[in-house]
Amino acid sequence: MGIESLWSTLERQLLPAFADYRQRLAELPVHVKDDRTLLTEADIAIQKLIIQDIRDCEPNAVIIAEEEERSGLREEIFHSDGRLWVIDPIDGTAEFVRNDRTEFCSVVCLFENWMPSAAFILAPELGSGRSPLLITADHHTSAVTLNGSPAPMVQRAQNTISATRSSGGPGREFDAIAAESTYRVKTRTTSQTIDMLRTVVDLRDHTDPSLHSFDLFWRRQQKLWDGAAGLCLGDIAKLRHCDEDGAPLPAGPEFLSAPTPVFESTVMGQPETVKWFLGVKH
C-alpha cells in the first residue's frame with residue numbers, strides 16, 4: 001500500500017468515527033492530563049484506528065503517538081534508520097469537545113532520514129458548512145493538496161501572527177511590539193497544527209467563517225506531534241523555521257527518542273517576518 005492509499009484509508013475510517021463522537025459529546029467524559037491538556041475516549045479510539053492502518057501498511061513501523069504514556073527512552077527509535085511515524089489523534093481536543101468549535105484535526109507525519117517527509121491533516125468540520133478538509137503534503141514531490149487538488153498557498157502578507165498563550169495568562173511585551181508594527185496577534189489557543197497550516201495554505205475561501213492566514217507561527221514548549229506536520233508543510237513552502245534564537249530545530253535519534261520530544265520554541269513563517277521577529281525578540 002502506497003502512502004496515498006494510506007491517506008485515503010485513514011480519511012474513510014476517521015470521518016465516521018469523528019461524526020459518531022461529535023454526536024455524543026454530552027456523554028463523553030473529559031479528563032485533564034498532567035500537562036493540563038484534555039483527553040477523551042475519542043482520542044484513544046482514533047489513535048488506535050490510525051496505528052492499525054499504519055501497521056496494515058507497514059507491519060514493523062516505528063510510531064510515536066501522543067497518547068502512548070511513555071516514561072522511558074524510546075529505544076526503538078535508534079533502530080529505525082530515521083523512518084518513523086508521528087501521530088496526534090486529535091490536535092485541539094479542547095475545541096473537539098465543544099459543539100460550537102471546529103478547529104480540531106487528526107495528524108499523521110512520516111519521517112524519513114530523521115526529518116518530516118509526508119503529512120496528513122484531516123479537519124473533519126473546518127470546511128465551509130462544517131465540511132471536512134483533508135490536507136496532504138509530500139516532500140519528495142513538493143506537493144501540497146487540499147481535498148485532492150493543489151492547495152492554494154499563502155502568497156502575500158496578512159499582517160497576522162499566531163502566538164497563543166495559556167488562557168487567562170498575562171499579556172506579553174511582544175504583543176505590544178507586534179501591535180506597534182501593525183501585526184495582529186492571535187492569542188487564543190486552538191489547534192497548533194491548524195495554525196501552522198494557515199501559515200502555509202490559504203484557507204480563506206474554504207472555511208466558514210473565513211480563516212485568515214498567518215505570516216508567522218510562534219510557540220514555546222511545543223510537543224513534536226503538535227508541530228511535525230506543520231514543519232513538513234513549511235519546508236515544502238520554503239518558509240523559514242528555527243527556534244526563537246534563530247538556531248535550527250532539533251532533529252535526530254537523541255531528540256526523537258525522548259518520552260515526550262519537545263521543541264523549546266518553534267518559529268515558522270515568511271523569511272522576512274521571521275527576521276523581524278528574531279530582531280524584536282533580542
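Biologist: What order do the strands take in the open sheet of 5 strands?
Modeller: The order is 11-10-12-14-13, with mixed pairing. Keep in mind that this is a predicted model.

Biologist: Which strands are at the edges there?
Modeller: Strand 11 (184–186) and strand 13 (240–242). Each pairs on one side only.

Biologist: How much are neighbouring strands of this sheet turned against each other?
Modeller: By 15° on average, with direction ignored.

Biologist: Strand 10 and strand 12: how many bridges join them?
Modeller: 2 bridges, between residues 160–162 and residues 216–223. The two strands run parallel. Ile161 stands opposite Leu216 of strand 12.

Biologist: Which strands does helix 5 lie across?
Modeller: Strand 10, strand 11, strand 12 and strand 14 (262–269). Helix 5 covers residues 192–200 and runs at about 150° to strand 12.

Biologist: Now the sheet of 7 strands. What's its order?
Modeller: 3-4-5-6-7-8-9, an open sheet with mixed pairing. Strand 3 (63–65) and strand 9 (149–150) are at the edges.

Biologist: Why is one side of each left without a neighbour?
Modeller: Because each has a single partner strand in the sheet.

Biologist: Strand 7 and strand 8: parallel or antiparallel?
Modeller: Antiparallel, over 4 bridges. Strand 7 spans residues 131–138, and strand 8 spans residues 143–146. Asp138 has Ala143 in strand 8 as its bridge partner.

Biologist: Which strands does helix 1 touch?
Modeller: Strand 4 (84–91), strand 5 (105–112), strand 6 (115–127) and strand 7. Helix 1 (residues 3–23) makes about 35° with strand 6.

Biologist: And what angle does helix 6 make with strand 6?
Modeller: About 105°. Helix 6 (residues 224–236) packs on the sheet too, touching strands including strand 3 and strand 8.

Definitions and conventions: Residues are numbered from 1 along each chain as its sequence is written. This is a predicted model: local features need pLDDT of at least 70, side-chain atom pairs count only at pLDDT 80 or more; totals for chains, interfaces and linings use all residues. Side-chain values use heavy atoms; hydrogens and water are left out. Two strands pair if DSSP finds at least two bridges between them. Contact means heavy atoms within 4.5 Å. Axes are lines fitted to C-alpha atoms, for helices over the stretch in contact, and angles run from 0 to 180 degrees between N-to-C directions.
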